[in-house]
Amino acid sequence: MRIGTGVSYSGGFAESVADIVELERVGLDIVFVPEAYSFDAVSQLGYLAAKTERVGLMSGIFQIYTRTPSLTAMTAAGLDFVSDGRFTLGLGASGPQVIEGFHGVKYDAPIGRTREIIEICRQVWRRERVVHDGKHYTIPLPADQGTGLGKPLKLINHPVRERIPVVLAALGPKNVALAAEVAEGWQPIFFHPEKAADVWGASLAEGKAKRDPQLGELDVFAAPPLAIGDDVDHLLDWVRPVFALYIGGMGARGKNFYNTLACNYGYEAEAKKIQDLYLDGKKEEAAAAVPAELLRATSLVGPAGFVKERLAAFKEAGATTLAVNPLQPGREARVAAVAKLKELLG
């Protein structure tokens with residue numbers, strides 16, 4: 001399994017980059033830069049490309065509604081160029097709260113749009129003249145919808161690679177099936193090894209049945225918190241606010257993908273309690289209501305022997321890349337945790 005880590009979108013970017021430089025030295029394989037409604041990810045990925053030499057770079061994720069498909073392809077090609085072929089295009093739909101609330105764009109047809117965007121991106125990277133007649137995107141724009149002057153164009157530059165890997169962040173059955181069908185990788189959230197097959201197995205099988213063999217095996221990105229040691233269990237409490245935010249606050253009642261995931265894992269009552277508390281403004285109480293069992297199952301926190309057992313469980317469940325979040329404070333401790341994880345993976 002590869003080891004990756006993310007860069008926080010809430011601040012401390014310079015410190016995070018200094019961490020990445022050191023983590024690259026001990027074997028980090030890939031770094032993820034999110035794009036929520038903070039600074040854009042592109043500028044930060046470009047900066048990381050200049051500061052690193054070997055580690056892979058990935059948008060984690062670009063939202064599909066915020067750029068045209070062609071601009072998404074151009075951006076990915078540009079990042080692949082400045083990183084000497086180290087970029088992976090992470091895509092996701094985000095949710096209506098962000099897309100409509102921050103960007104003022106209608107949140108609709110995420111699955112259909114994602115499929116078309118990937119098709120268009122791959123045309124651009126192959127330097128074909130882009131012609132696409134889909135349900136959601138038509139390129140060039142038809143004459144009766146514009147000036148009539150649009151014509152098929154191809155990318156001016158020659159990309160480093162004509163097939164930049166695409167990873168889809170997906171949770172719902174249809175989204176996961178799409179990822180398994182058309183993408184090089186799939187990025188779930190709160191990956192629970194013992195329950196992953198029950199929740200996502202059928203969707204993955206459906207998508208893989210239609211998968212082009214040229215895509216290779218599906219790269220599955222799990223994102224467990226990480227802390228290795230004999231006295232680290234208390235660090236799981238640091239993760240509680242994140243679970244509470246997603247399960248309780250990302251969306252509304254009846255329209256929260258992460259809450260649904262918690263329910264699918266078997267935590268229906270707990271998910272409802274977390275959401276009720278969070279939406280009532282009781283964020284600390286919501287965090288306290290996150291089940292310890294869920295935190296532990298989705299993490300790599302504990303003594304080395306326990307972590308090694310959990311690594312085997314993640315591998316058995318199909319995870320191929322671990323996007324870890326080192327919890328121990330201080331750069332030296334974070335670097336040591338990743339180095340130890342690399343050692344445990346052999």
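# Salt bridges, cores and helices

Reader: Does Arg126 count as buried or partly exposed, and at what relative accessibility?
Author: In this predicted model, the cut-offs are under 20% for buried and over 50% for exposed, with partly exposed in between. Arg126 falls in between and counts as partly exposed, at a relative accessibility of 37%.

Reader: Which residue does Arg126 meet in a salt bridge?
Author: The closest N to O distance of this pair is 2.6 Å. The partner counts as partly exposed, at 33% relative accessibility. The residue that Arg126 meets is Glu128.

Reader: Which residues are joined into one network by salt bridges that share partners?
Author: Side chains of opposite charge can pair when their charged atoms come close. The count for this structure comes to 19 salt bridges. Those that share partners join into one network Glu15, Asp19, Arg331 and Arg334.

Reader: How far apart in sequence are the parts tied together by Arg334 and Asp19?
Author: Arg334 and Asp19 form a salt bridge, with their closest N and O atoms 2.8 Å apart. Arg334 belongs to helix α14 (residues 331-345) and Asp19 to helix α1 (residues 13-25), so the pair ties together parts whose separation in sequence is 315 residues.

Reader: By about how much of a helix are Arg25 and Glu22 separated?
Author: The side chains of Arg25 and Glu22 meet in a salt bridge at 3.0 Å, N to O. Arg25 counts as exposed at 57% relative accessibility, while Glu22 counts as partly exposed at 28%. An α-helix has 3.6 residues a turn, so residues three or four places apart point the same way. Arg25 and Glu22 are three residues apart in helix α1, so their separation is about one helical turn.

Reader: How many disulfides does a search of the whole structure find?
Author: A disulfide is a covalent bond between the sulfur atoms of two cysteines. Cys121 is buried, with a relative accessible area of 1%, and Cys263 counts as partly exposed at 23%. For disulfides, the number found in the whole structure is zero.

Reader: Which helix gives the most to the largest nonpolar core?
Author: The largest nonpolar core has 98 residues, and those with the most contacts inside it are Trp125, Trp186 and Trp200. With six residues, the helix that gives the most to this core is α5 (residues 110-125).

Reader: Which residues does Trp125 contact, leaving aside its neighbours within four places in sequence?
Author: Trp125 is among the residues with the most contacts inside the largest nonpolar core. Beyond those neighbours, its contacts are Ala73, Ala76, Ala77, Leu89, Pro159, Arg161, Glu162, Ile164 and Val166.

Reader: On which residue is the kink in α7 centred?
Author: Helix α7 (residues 193-208) has 16 residues, yet its end C-alpha atoms are only 19 Å apart, short of the 22 Å that a straight helix would reach. Its buried residues, including Val199, Ser203 and Leu204, pack against α6 (173-182), β9 (185-187), α9 (257-264), α12 (292-297) and α13. The helix has a kink of about 60°, centred on Trp200.

Reader: How far does α14 reach from its first C-alpha to its last?
Author: The buried residues of α14 include Val335, Ala337 and Leu341, and its buried residues pack against α1 and β1 (2-6), among others. Just after this helix, Gly346 takes a positive phi of about 80°. α14 has 15 residues, and its span, close to the one expected at 1.5 Å a residue, is 21 Å.

Notes
Residues numbered from 1 in each chain as written. Predicted model: local features only at pLDDT ≥ 70, side-chain atom pairs only at ≥ 80, totals over all residues. Heavy atoms only, no water. Core = buried A, V, L, I, M, F, W, Y, C linked by side-chain atoms within 4.5 Å. Buried < 20%, exposed > 50% of the residue type's maximum accessible area, 1.4 Å probe, protein only. Helix = DSSP H or I, 4+ residues; strand = E, 2+ residues; numbered from the N terminus. Contact = heavy atoms within 4.5 Å. Disulfide = S-S within 2.5 Å. Salt bridge = Lys/Arg side-chain N within 4 Å of Asp/Glu carboxyl O. Expected span 1.5 Å × (residues − 1). Bend = angle between axes of the 7 residues up to and from the residue.
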